[in-house]
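Me: I should be grateful for a close look at one part of this protein, namely the larger sheet with the helices that pack on it, followed by an account of how that part relates to the rest of the chain.

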Amino acid sequence: MPAAVGERYLIESPEPLVGALLLAGYRVIGPQAGDGAIVYDEIEAAGALPRGLTDEQSGGHYRLKDGDPDRWFDYVVGPQSIKKYLFPAHQKLWSATRTPDGFDISPAGDDYPKTAFFGMRACEIAAMEIQDKVFDNGQFADSGYGRRRANSLIVAVQCARSAETCFCASMNTGPRAQSGFDIALTELDEGGFLVECGSEAGASILGGLDLAGALDGDWEAALDVTRNAAAMQTRRMVGNVAEVLREHLDHPRWDEVADRCLSCANCTLACPTCFCSDVEDVTDLSGDHAERWRTWDSCFSLDFSYIHGGAVRPSTKSRYRQWMTHKLSSWHDQFGSSGCVGCGRCIAWCPVGIDITEEAAAIAAPLDVTGE
Ligand code: SF4
Ligand code: SF4
């Protein structure tokens, strides 16, 4: 049956949808079990999806576990995000080869095929839209990022459960993706999937499938799925956190968190919105060939703030404060939104379990001036 933007349908399983994406020539990137976690990699059939697995997450803790063997998507986000595809961790920018007259400079090619991201969660879509503002902003656009985004199709999966680390509901970024997808699936409690068609590209894929129209009751059941996931969330970000942080740059909590923070940068590498990078030039031993590479960096590394004469942020305290105040406060001034989508990755993947919601709440709480 032909599909239309804004319409809703039912399908039994994700298998025909993965097949239709492959048939349409997409490279399909989806969740898989790898190294004891849910990671993103290329899939060639729905059988590669980690069906029957679930996860357990808390501060500094992540475990994959066996779950209901019939459920396809009962896990939430793992350590990776699709940032690794749209903003690669290690990317050649250009190369130069010596010629009799000087150097030939060649921009690096971009071998990014037409790609479908399958199984993206609401927070992940929100993070991608934040990175769009960073990299595809018109004034200082990264043309490679823009090309990759234009060549990407988004198949969302609406979350049926939340991990202990999730707080997207308090960031208004989930657990239901309202937009930003071409196709969205909700795994219904009774089995089967409600399918939302979000774009013409999505309609063109769905049009090749054997779909049944969804009824109002099916839509209500789908809404219940994400309402239940929201109700499971125990963490939340404090309100007006941008102002709270701006007004408490000298709060004693910054010293306390700095005593625990290892300055390891795990939180920034796992974060789907962090975008700091470094640029390195390399040359071969002959000096005839040179390349310029961009690599992920982190505001937690000492060298990141190095300018002539030394690093601007020499202490762990100043680096942690920079990260958190940028993410939750000055990001609003710079990009018009929070830099945090409440995915909880920085909590689960911090080796000492530092929790951004707990730190924000401690700074927002009235100070005990009695010293008792
Ligand atoms: S700061 Fe933490 S919770 Fe917020 S988007 Fe980044 S990793 Fe997710
Ligand atoms: S907050 Fe945690 S993950 Fe981030 S730099 Fe500090 S120790 Fe590493």
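Reply: In this predicted model, helix α1, residues 15–23, lies across four strands: β2 (27–34), β8 (115–120), β9 (152–158) and β10 (183–187). The direction of α1 makes an angle of about 165° with β8. Helix α7, which spans residues 216–231, also packs on the sheet, where it touches β1, β9, β10 and β11. The angle between the directions of α7 and β11 is about 95°.

The sheet itself is open and consists of eight strands in the order β3-β2-β8-β9-β10-β11-β1-β12, with mixed pairing. Its edges are formed by β3 (37–42) and β12 (212–213), each of which pairs on one side only. Strands of a sheet pair through backbone hydrogen bonds, either parallel or antiparallel. Strand β1 (residues 8–11) and strand β11 (residues 193–197) are an antiparallel pair, joined over four bridges. Within this pair, Arg8 has Glu196 of β11 as its bridge partner.

The division of the chain gives the wider setting. Domain 1 comprises 8–86 + 112–231, and domain 2 comprises 241–287 + 295–364. The centres of the two domains, taken over C-alpha atoms, are separated by 27 Å. At their contact, 29 residues of domain 1 meet 29 residues of domain 2.

The largest pocket belongs to this arrangement. Both domain 1 and domain 2 give residues to the lining of the largest pocket, so the pocket lies between them. It holds about 460 Å³ of space. Its lining has 28 residues, and those nearest the centre are Ala126, Met171, Asn172, Thr173 and Cys340. The elements that supply two or more lining residues are α3 (122–135), α5 (168–171), α8 (241–247) and α11 (316–335). Helix α3 provides the largest share, five residues. By class, 14 of the lining residues are nonpolar, eleven are polar and three are charged.

A further sheet remains to be described. It is open, has four strands in the order β7-β6-β14-β13, and its pairing is antiparallel. Strands β7 (102–107) and β13 stand at its edges with a single partner strand each, so one side of each has no neighbour in the sheet. From one strand to the next, the twist averages 20°. Strand β13 (residues 277–283) and strand β14 (residues 289–296) run antiparallel and are joined by seven bridges. Here Val279 stands opposite Arg294 in β14. Five residues lie between the strands in the hairpin of β13 and β14, and Gly287 takes a positive phi near 80° in that hairpin. On its other pairing, β14 meets β6 in the antiparallel sense, again over seven bridges. Lys92 stands opposite Trp293 in β14.

Lys92 also leads to the second largest pocket, since it is among the residues nearest the centre of that pocket, together with Gln91, Gly109, Asp110 and Arg148. The second largest pocket contains about 390 Å³ of space and has a lining of 21 residues. Two elements, β6 (90–99) and α4 (143–150), give two or more residues to this lining. Its residues divide into eight nonpolar, five polar and eight charged.

Technical notes
Residues are numbered from 1 along each chain as its sequence is written. Chains are lettered from A and ligands numbered from 1 in the order in which they are written. This is a predicted model: local features need pLDDT of at least 70, side-chain atom pairs count only at pLDDT 80 or more; totals for chains, interfaces and linings use all residues. Side-chain values use heavy atoms; hydrogens and water are left out. On a 1 Å grid over the protein atoms alone, a cavity is a set of points where a 1.4 Å probe fits but cannot get out, and a pocket is an open set with protein on both sides within 12 Å along at least five of seven lines; lining residues have an atom within 4 Å of a point. Grid points are joined across faces, edges and corners, and a volume is the space filled by probe spheres set on the points. Ala, Val, Leu, Ile, Met, Phe, Trp, Tyr, Cys and Pro count as nonpolar, Asp, Glu, Lys and Arg as charged, and the others, Gly among them, as polar. Domain bounds come from an automatic or database domain assignment. Two strands pair if DSSP finds at least two bridges between them. Contact means heavy atoms within 4.5 Å. Axes are lines fitted to C-alpha atoms, for helices over the stretch in contact, and angles run from 0 to 180 degrees between N-to-C directions.
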